[in-house]
Amino acid sequence: MSTAGVPAWFHLFLDVPRPRWEEAVGFWSAATGWAVSPPRGENGQFLTLVPQAGDAWLKMQAVDDGEPRIHVDLDAADREAAVERSTALGAQPAWTYDGVPVMRSPGGLLFCHTLGEGSAPRCARSEPERVVDQICIDIPRNRWDEEVAFWAAVTGRTPESTITPEFLRLADPDPHGGLRFLLQLLEEEDGEVRAHPDFAVAHRAAETCRHEAIGAETVDVLESWTVMRAPYGQIYCLTDRDPVTCWVP
């Protein structure tokens, strides 16, 4: 397949029910240590969390319906080619917002085709304690092969095995790049594909206490990661990875 329409950059969007918007913005700013941009959109429904160095990849959106969720924006210089590419790979149109095509992966995960510059922005990892850097796509068993093939092809990244057999990562050509992709094989046989954000943290126990102090709840503690719930309900994980290199120690 041609490389036309392959994204140069990705944005992780936290979609927050409007009644919990202010609470969620305060939580994620405190959790990441990042500044909050001025709001955008006709109703102030969009904002960016701005890292201490480099270009941003974490954004937030107030939504009027449903539960907390996340989606990803795929930035490409040729949006028409990007839409053609994802459609050929099995994506389905969901709706259009202000000229932005909103799509669903074959398993139902929302993503958007947004306009980018055609080359990756500057990214600098300089925060030694924590960074929210990864989208983990949670895939039921009967969707696994289809979703792995879709996300590898639509991102232009190669699947790689990890030390844990139920996970695959999509290799980032820039080891210090922006958003990373992890694919998780769920125990459930069927259902809709969903996703959650992951932090890389240097000291997971201390970081767990810090998150609890700003309102999060610990859901489960596993060998290499801790499952957390934000005050407004969004699930996310704290993972044992170096926040600067994002490698597993």
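**Exercise 1. Gly44**

Classify Gly44 as buried, partly exposed or exposed in this predicted model, and place it in the chain.

*Solution.*
Step 1. Take the relative accessible area of Gly44, which is 24%.
Step 2. Apply the cut-offs: buried is under 20%, exposed is over 50%, and partly exposed lies in between. Gly44 is therefore partly exposed.
Step 3. Locate the residue. Gly44 sits in the loop that joins strand 2 (35–36) to strand 3 (46–50).
Step 4. List its contacts, skipping neighbours within four places in sequence. Trp21 and Pro39 remain for Gly44.
Step 5. Add a distance. Ala62 is 18 residues from Gly44 along the chain, and their C-alpha atoms are 8.4 Å apart.

**Exercise 2. Two loop aspartates**

Decide whether Asp64 is buried or exposed, and do likewise for Asp98.

*Solution.*
Step 1. Place Asp64: the loop between strand 4 (58–63) and strand 5.
Step 2. Its relative accessible area is 67%. Exposed means over 50%, so Asp64 is exposed.
Step 3. Compare sequence and space. Asp64 and Arg18 are 46 residues apart in sequence, yet their C-alpha atoms are 5.7 Å apart.
Step 4. Turn to Asp98, in the loop between strand 6 (92–97) and strand 7. With a relative accessibility of 71%, Asp98 also falls in the exposed class.
Step 5. Check the backbone. Asp98 is not a glycine, but its phi is positive, about 50°.
Step 6. Take a C-alpha separation again. Asp98 and Leu170 are 72 residues apart in sequence and 30 Å apart in space.

**Exercise 3. Phe167**

Find which residues surround Phe167, beyond its sequence neighbours.

*Solution.*
Step 1. Assign the element. Phe167 belongs to strand 11 (residues 167–170).
Step 2. Read the accessibility. At 9% relative accessible area, Phe167 is buried.
Step 3. Leave out neighbours within four places in sequence. Phe167 then contacts Cys136, Thr162, Leu182, Leu183, Gln184 and Trp225.
Step 4. Set a distance beside this. Pro19 is 148 residues from Phe167 along the chain, with 34 Å between their C-alpha atoms.

**Exercise 4. The faces of helix 2**

Show how the buried residues of helix 2 (residues 79–88) are arranged around its axis.

*Solution.*
Step 1. Pick out the buried set: Ala81, Ala82, Arg85 and Ser86.
Step 2. Look down the axis. The buried residues of helix 2 fall within an arc of 130°, so they line one face.
Step 3. Recall the helix geometry. An α-helix has 3.6 residues a turn, so residues three or four places apart point the same way.
Step 4. Check the other side of helix 2. Glu80 and Ala88 are exposed there.
Step 5. Name the packing partners of the buried residues. They are strand 5 (69–76), strand 7 (100–104), strand 8 (110–115) and helix 3 (144–155).

**Exercise 5. Helix 1 against helix 4**

Describe how helix 1 (residues 21–32) packs with helix 4 (residues 204–213).

*Solution.*
Step 1. Start with the axes. They are 10 Å apart, at an angle of about 155°.
Step 2. Classify the angle. Over 145 degrees counts as roughly antiparallel. Helix 1 and helix 4 are therefore roughly antiparallel.
Step 3. Give the handedness: the crossing is right-handed.
Step 4. List the contact residues. Helix 1 supplies Phe27, Ala30 and Ala31, and helix 4 supplies Glu207, Arg210 and His211.
Step 5. Sort them by type. The contact has three nonpolar residues, one polar and two charged.

Terms used
Residues numbered from 1 in each chain as written. Predicted model: local features only at pLDDT ≥ 70, side-chain atom pairs only at ≥ 80, totals over all residues. Heavy atoms only, no water. Axes fitted to C-alpha atoms, helices over the stretch in contact; angles between N-to-C directions. Helix = DSSP H or I, 4+ residues; strand = E, 2+ residues; numbered from the N terminus. Parallel < 35°, antiparallel > 145°, perpendicular 65-115°, else oblique. Left-handed = near helix turned anticlockwise from the far one by under 90°. Contact = heavy atoms within 4.5 Å. Nonpolar A, V, L, I, M, F, W, Y, C, P; charged D, E, K, R; others polar. Buried < 20%, exposed > 50% of the residue type's maximum accessible area, 1.4 Å probe, protein only. Arc of directions from axis to C-beta.
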